[in-house]
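Me: Please take one part of the structure below and look at it closely. Then place that part within the rest of the chain, in plain terms.

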Amino acid sequence: MAKGYSILHHFRRHIFYMALWLVASIIQTAIILFWNSPLPFRLVLVDSLLFNLLFVVGVIPLWYPIRFNALPTRRKTLSLIPYILIAVILTVCCYAVGNHLMRLVATHPDYIVFLEGAAGWRIIQGILFYTATLLYFSQQAHISHLTQKVNSLQQTFEKEIEALARITVKERQQIHIIPVDEIEYLEACGDYVQLHTAKGVFLKEHTMKFLEERLSSKQFVRVHRSFIVNISQVDRIELYEKERYRLFLKNGKTVKASDAGYKLLKESL
């Protein structure tokens, strides 16, 4: 469900819905013939197959406003109105198309009379069908949302487990092993990153993005395109320009923060 329209992405569901379409069409054919025995069997079967197929295909557009619903969740009652309108429009369109196609292929007078008198119950049938589908899609969208949330949490958890515990920096003939807890902040420096610690500044040949992805998001936050700070080292935050902030660290140094970076830091704190 996470990508696109799941029914179109699973072969087993193709078979299931085709079987459901055939069974529903056969049942509908039997019911119509029971109440209208003079009607030709072939015409009634084609009628049932066509109208049910139009309903099944026409219901697909309902998935998108449900799956990608951008309406406020607090206005549940109002958020149903677009879906109901879509259902009514699709029902009328499917009926109009089916009615037009059947008139092109059918000339039997008894069937034409039946076709003209079937508008009411076909529209009621379509609205009931779309309403049931609306409820089903809403449930599936909710399940999809929960699945995505669980997968996101799992990825975050795995990322935290794999987060760097230390960084090694080679300096001439020496190799420094720096525990990430000792890093006060990181600063972009061309193709390198400066690691600021209480013991000094070390230069690491990596990009900010590389280290950002591997450092614990619970401990380090990218507050600016050029700075990643250790949350535990932040002493206070001050606004010094419009949508620009200055972070004062416990070591007395200051670090710039953008508006987006400030919001991320605020969430973490």
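Reply: D47 and R122 form a salt bridge in which the closest N and O atoms are 2.6 Å apart. A salt bridge here is a side-chain nitrogen of Lys or Arg within 4 Å of a carboxyl oxygen of Asp or Glu. The model is predicted, and local features need pLDDT of at least 70, side-chain atom pairs count only at pLDDT 80 or more, while totals for chains, interfaces and linings use all residues. Residues are numbered from 1 along each chain as its sequence is written, and side-chain values use heavy atoms, with hydrogens and water left out.

The two partners sit in distant parts of the chain: D47 belongs to helix α2 and R122 to helix α6 (residues 119–161), with their positions 75 residues apart. Helices (H or I, at least four residues) and strands (E, at least two) are DSSP runs, numbered from the N terminus. D47 and R122 are both buried. Buried means under 20% relative accessible area, exposed over 50%, and partly exposed in between, with a 1.4 Å probe and protein chains only.

Helix α2 itself covers residues 41–58, and its 18 residues should span 26 Å at 1.5 Å a residue; the end C-alpha atoms lie 25 Å apart, which agrees. The expected span is 1.5 Å times one less than the number of residues. D47 is one of the buried residues of α2, which also include L43, V44, L50, F51, L54 and F55. S48, N52 and G58 are on that list too.

Helices α2 and α6 also meet in another feature, the largest nonpolar core. A nonpolar core is a set of buried Ala, Val, Leu, Ile, Met, Phe, Trp, Tyr and Cys residues joined through side-chain atoms within 4.5 Å. The largest one has 27 residues, and those that touch the most other members are L39, L62, I66, M102, Y111, F114 and Y130. At least two core residues come from each of α2, α3 (63–67), α4 (76–105), α5 (109–117) and α6. Take I66: leaving out residues up to four places away in sequence, I66 touches Y83, L134, F137, S138 and A141. Touching, or contact, means heavy atoms within 4.5 Å. A second core of 14 residues lies apart from the largest one, and V169, L195, F202 and L215 are among its members. In soluble globular proteins, nonpolar side chains tend to be buried together.

How many salt bridges does the structure hold? The count is 8, and the D47 pair is one of them. Another joins R222 and E212, with the closest N and O atoms 3.2 Å apart. R222 is in strand β6 (residues 220–224) and E212 in helix α7 (residues 208–214), so this pair ties together parts 10 residues apart in sequence. R222, at 23% relative accessibility, is partly exposed, and so is E212 at 33%. E238 and R236 make a further salt bridge, at 3.1 Å between the closest N and O atoms. D235, R236 and E238 form a network of salt bridges. E238 has a relative accessible area of 33% and is partly exposed; R236, at 39%, is also partly exposed.

Strand β6 also holds H224. H224 counts as buried at 15% relative accessibility. Beyond neighbours within four places in sequence, H224 is in contact with K256, A257 and S258.

Further along the chain, S268 is in helix α8 (residues 259–268). With neighbours within four places set aside, S268 is in contact with S217, V221 and I231. The C-alpha atoms of S268 and Q219 are 8.4 Å apart, although 49 residues separate the two in sequence.

For the protein as a whole, there are 8 helices and 10 strands. Of its 269 residues, 32% are buried. Among contacts with a separation of 6 or more, 53% are between residues 24 or more positions apart. The D47 and R122 pair, 75 residues apart, likewise links distant parts of the chain.
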